[in-house]
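Colleague: Hi! Could you walk me through this structure one step at a time?

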Amino acid sequence: MRNYYGIGIVLLLVVSSLWGCSAKAVGGGQGESPLIMRLAHNQGENHPIHTSLSEFARLVEEKSDGRIDMKVYPGGQLGSEREAIELTQTGAIDFAKVSASTVENFSEEYSIFSLPYLFDGEDHFYKVMNSSIAEELYDETRDIGFRGLTFYDSGTRHFYTKDNPILHPDDLQGLKIRVQPTPTTIEMIELMGGAPTPMPFGEVYTSLQQGVIDGTENNETALTDANHGEVAKEYSFSGHAIVPDILIINEKKWNELTKEQRNLIQEAAEESTVFHKEVWRKAVESAIVKSKENGVTFHEVDKEPFSEAVQPLHEEFAAKESTADYYKEIREMSTEGTKGE
């Protein structure tokens, strides 16, 4: 089999080199070539994140009066999320949208987002992500070649299985559960009694279908956008994690931009996050309706036993040097702790 991914990257690097020679900066003069910037992500063109990233690209082009030309590569065309981060580090591409869980493999501080039951709910999550805590985390990766610009809601993660619903951690005993390949998520499943099975997202459908795994964990849109609802009919609202997507940019490219360029890109990024919130809400509502029509049963569960099972992880994060301060600050912003303010 030919290595089409490798061929694609070589071509991209060649084209990037040519673009870099002719479009090193946004010009103000007539006839000057636009600055071409490239953004990669792993979701399909029908996914809400692609809609929001397309809006980001449109806003950048609009705010720059066409002097920045954004090219968006969806569907993992340029590789996995890890590979997209590596391409961003090297400057082969300028931007990537990646899960904070994937960034954990590059920056230990980002592991805080994979901690189960870190957030009390959506309100707590948005409060943190719109605070200086998120801004500090965005800067943690500057010395390894990229920085965060903004976040996108990637939903609340829940368990879903082919056959029997997960109503209590005991129901996970012995089950092979697909997880993202991060140490924190793997330990979460082990603490709950399951058998964590790391694998790429694109392999989940066939693995569920063929019985390679018994279940997985993700937000509701995976049931429809990835068609997981065709093979997994039991969806349990465990609400164990809210892991944001992060828009990152190559650090060298960021520093080469003018102040005006940086400001308009940052402004466009933040506006696309606001835009995405409503897009995501509608997508989740639609996914639940469609999944019920396709025979998926949704189950409410008592989250307390799940939360208790992972308390050793909370103790670990509260003590670990790289996450202790972030853990303390995020938990202090808990909605439970701010009621009545």
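Modeller: Gladly! Let's begin with one term: a salt bridge is a side-chain nitrogen of Lys or Arg within 4 Å of a carboxyl oxygen of Asp or Glu. Please keep in mind that this is a predicted model.

Colleague: How many salt bridges does that rule give?

Modeller: The rule asks for a nitrogen and a carboxyl oxygen within 4 Å. Arg147 and Glu251 are one pair that meets it, at 2.8 Å from N to O. Applied to this model, the count comes to 20 salt bridges.

Colleague: How many residues apart in sequence are the parts that Arg147 and Glu251 tie together?

Modeller: Look at where each partner sits: Glu251 belongs to helix H10, residues 251-256. Arg147 lies in strand S4, residues 146-152, so the pair ties together parts whose separation in sequence is 104 residues.

Colleague: Is Glu251 buried or exposed?

Modeller: Leaving out residues up to four places away in sequence, Glu251 touches Arg142, Gly145, Phe146 and Arg147. Buried means under 20% relative accessible area. Glu251 has 9%, so the word for Glu251 is buried.

Colleague: Which residue forms a salt bridge with Glu217?

Modeller: Here the closest N and O atoms are 2.9 Å apart. The pair links distant parts of the chain, with Glu217 in strand S8 (residues 215-218) and its partner in strand S5 (residues 156-161), 60 residues apart. Glu217 is buried at 1% relative accessible area, and its partner is buried too, at 7%. That partner is Arg157.

Colleague: Which helix holds both Glu278 and Arg281?

Modeller: These two form a salt bridge, with the closest N and O atoms 2.3 Å apart. Glu278 is partly exposed at 35% relative accessibility, and Arg281 is partly exposed at 37%. They are three residues apart, about one turn of their helix, which is H11.

Colleague: Which residues are linked with Arg58 in a network of salt bridges?

Modeller: A salt bridge pairs a Lys or Arg nitrogen with an Asp or Glu oxygen. In this network, Arg58 is linked with Glu55 and Glu62.

Colleague: What charge does the surface patch with Glu270 carry?

Modeller: Glu270 is in helix H11, residues 259-293, and counts as partly exposed at 44% relative accessibility. It gathers on the surface with Glu135, Glu136, Asp139, Glu321 and Asp325. Asp and Glu count as negative, so the charge of the patch is negative.

Colleague: Is Asp65 buried or exposed?

Modeller: Asp65 has a positive phi of about 55° although it is not a glycine. You can find Asp65 in the loop between helix H2 (48-63) and strand S2 (68-73). Exposed means over 50% relative accessible area. At 63%, Asp65 counts as exposed.

Colleague: And Tyr117, is that residue buried or exposed?

Modeller: Tyr117 is not a glycine either, yet it has a positive phi of about 60°. Its place is the loop between helix H4 (100-103) and helix H5 (122-129). With a relative accessible area of 11%, Tyr117 is buried.

Colleague: Let's finish with the whole chain: what percentage of the residues is buried?

Modeller: The chain has 15 helices and 11 strands. Among its contacts with a separation of 6 or more, 75% join residues 24 or more positions apart. The accessible surface is about 15,300 Å², with 48% of it belonging to carbon and sulfur atoms. Of the 341 residues, the buried share is 52%.

How values were computed
Residues are numbered from 1 along each chain as its sequence is written. This is a predicted model: local features need pLDDT of at least 70, side-chain atom pairs count only at pLDDT 80 or more; totals for chains, interfaces and linings use all residues. Side-chain values use heavy atoms; hydrogens and water are left out. Patches are made of residues with over 30% relative accessible area and no salt bridge: like charges are joined within 9 Å, nonpolar side chains (Val, Leu, Ile, Met, Phe, Trp, Tyr) within 5 Å. Accessible areas come from the Shrake-Rupley method with a 1.4 Å probe; for residues, only the protein chains shown count as cover. The place of a charge is taken as NZ of Lys, CZ of Arg, CG of Asp or CD of Glu. Helices (H or I, at least four residues) and strands (E, at least two) are DSSP runs, numbered from the N terminus. Buried means under 20% relative accessible area, exposed over 50%, partly exposed in between (1.4 Å probe, protein chains only). Contact means heavy atoms within 4.5 Å.
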